[in-house]
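User: I would like to go through this structure with some questions on its contacts and surface. Please reason briefly before giving each value or name.

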Amino acid sequence: KHKVCPREEFIALLEKSGFEQIQVTPWWKWFDRAWARKPGPLTPAGFHQLTEALRCPACGQTRLEAASAQKLRCACGAELPVSQEGIVIYPK
């Protein structure tokens, strides 16, 4: 399997950042799913649209718009494909 970084290295990065109760499980052919908790009080972040959190790989701004079911578009013209499963594919 090809990963951005090996599972053990990713878990070590989470631990170094103070996360606990780390669980990494196979999820999709390109990704694993990671759950972890940082100690301390829980402060809800509230609800945000996914397009408010994603950054354009070309210009770095947020607020990508849905161009179609399989594509997000930035104001700068850059586009990000979306898989049939709804996963945004970032360029390497």
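User: In which sense do strand β3 and strand β4 pair, and over how many bridges?

Analyst: This is a predicted model. Strand β3 covers residues 65-68 and strand β4 covers residues 71-73. A hairpin of 2 residues joins β3 to β4. The sense of the pairing is antiparallel, and the count is 3 bridges.

User: Which residue in β4 does A66 stand opposite?

Analyst: β3 and β4 are paired strands, and A66 has a partner across from it in β4. That partner is L72.

User: How many salt bridges does a search of the whole structure find?

Analyst: Side chains of opposite charge can pair when their charged atoms come close. The cut-off applied here is a Lys or Arg side-chain nitrogen within 4 Å of a carboxyl oxygen of Asp or Glu. D32 with R7 meets it at 3.0 Å, K71 with E79 at 3.5 Å, and R73 with E79 at 2.6 Å. The search of the whole structure gives 3.

User: How many residues apart in sequence are the parts that the pair of D32 and R7 ties together?

Analyst: The closest N and O atoms of the salt bridge between D32 and R7 are 3.0 Å apart. D32 belongs to strand β2 (residues 31-37) and R7 to helix α1 (residues 7-16), so the pair links parts of the chain that are separated in sequence by 25 residues.

User: Is D32 buried or exposed, or in between?

Analyst: Buried would need a relative accessible area under 20%, and exposed one over 50%. D32 has 23%. Its salt-bridge partner R7, at 32%, is partly exposed. For D32 the class is likewise partly exposed.

User: Which residues do salt bridges that share partners join into one network?

Analyst: K71 forms a salt bridge with E79, with the closest N and O atoms 3.5 Å apart. R73 meets E79 in a salt bridge as well, at 2.6 Å from N to O. K71 is partly exposed at 30%, and E79 is partly exposed at 37%. Through shared partners, the network consists of K71, R73 and E79.

User: What is the distance from the charged end of K38 to the centre of the ring of F19?

Analyst: A charge sits over a ring if, among other conditions, NZ of Lys is within 6 Å of the ring centre. The charged end of K38 does sit over the ring of F19. The distance to the ring centre is 5.2 Å.

User: How many aromatic pairs does a search of the whole structure find?

Analyst: To count as a pair, the centres of two rings of Phe, Tyr or Trp must lie within 6.5 Å. A search of the whole structure on that basis gives 0.

User: What is the accessible area of W27, W30 and F31 together?

Analyst: These three residues form a nonpolar patch on the surface. W30 lies in the loop between β1 and β2 and is partly exposed, with a relative accessible area of 45%. Together W27, W30 and F31 have about 340 Å².

User: What is the phi of Q21?

Analyst: Q21 is in strand β1 (residues 20-28), and it is exposed at 60% relative accessible area. Its phi is positive, in a residue other than glycine. The value is near 50 degrees.

User: What separates the C-alpha atoms of E15 and K38?

Analyst: E15 is placed in helix α1 and is exposed, with a relative accessible area of 51%. Along the chain, E15 and K38 are 23 residues apart. Their C-alpha atoms are separated by 9.4 Å.

Technical notes
Residues are numbered from 1 along each chain as its sequence is written. This is a predicted model: local features need pLDDT of at least 70, side-chain atom pairs count only at pLDDT 80 or more; totals for chains, interfaces and linings use all residues. Side-chain values use heavy atoms; hydrogens and water are left out. Two strands pair if DSSP finds at least two bridges between them. Helices (H or I, at least four residues) and strands (E, at least two) are DSSP runs, numbered from the N terminus. Rings of Phe, Tyr and Trp (its six-membered ring) pair if their centres lie within 6.5 Å; planes under 30 degrees apart count as stacked, over 60 as edge-to-face and the rest as tilted. A charge sits over a ring if NZ of Lys or CZ of Arg is within 6 Å of the ring centre and within 35 degrees of the ring normal. Buried means under 20% relative accessible area, exposed over 50%, partly exposed in between (1.4 Å probe, protein chains only). Patches are made of residues with over 30% relative accessible area and no salt bridge: like charges are joined within 9 Å, nonpolar side chains (Val, Leu, Ile, Met, Phe, Trp, Tyr) within 5 Å. Accessible areas come from the Shrake-Rupley method with a 1.4 Å probe; for residues, only the protein chains shown count as cover.
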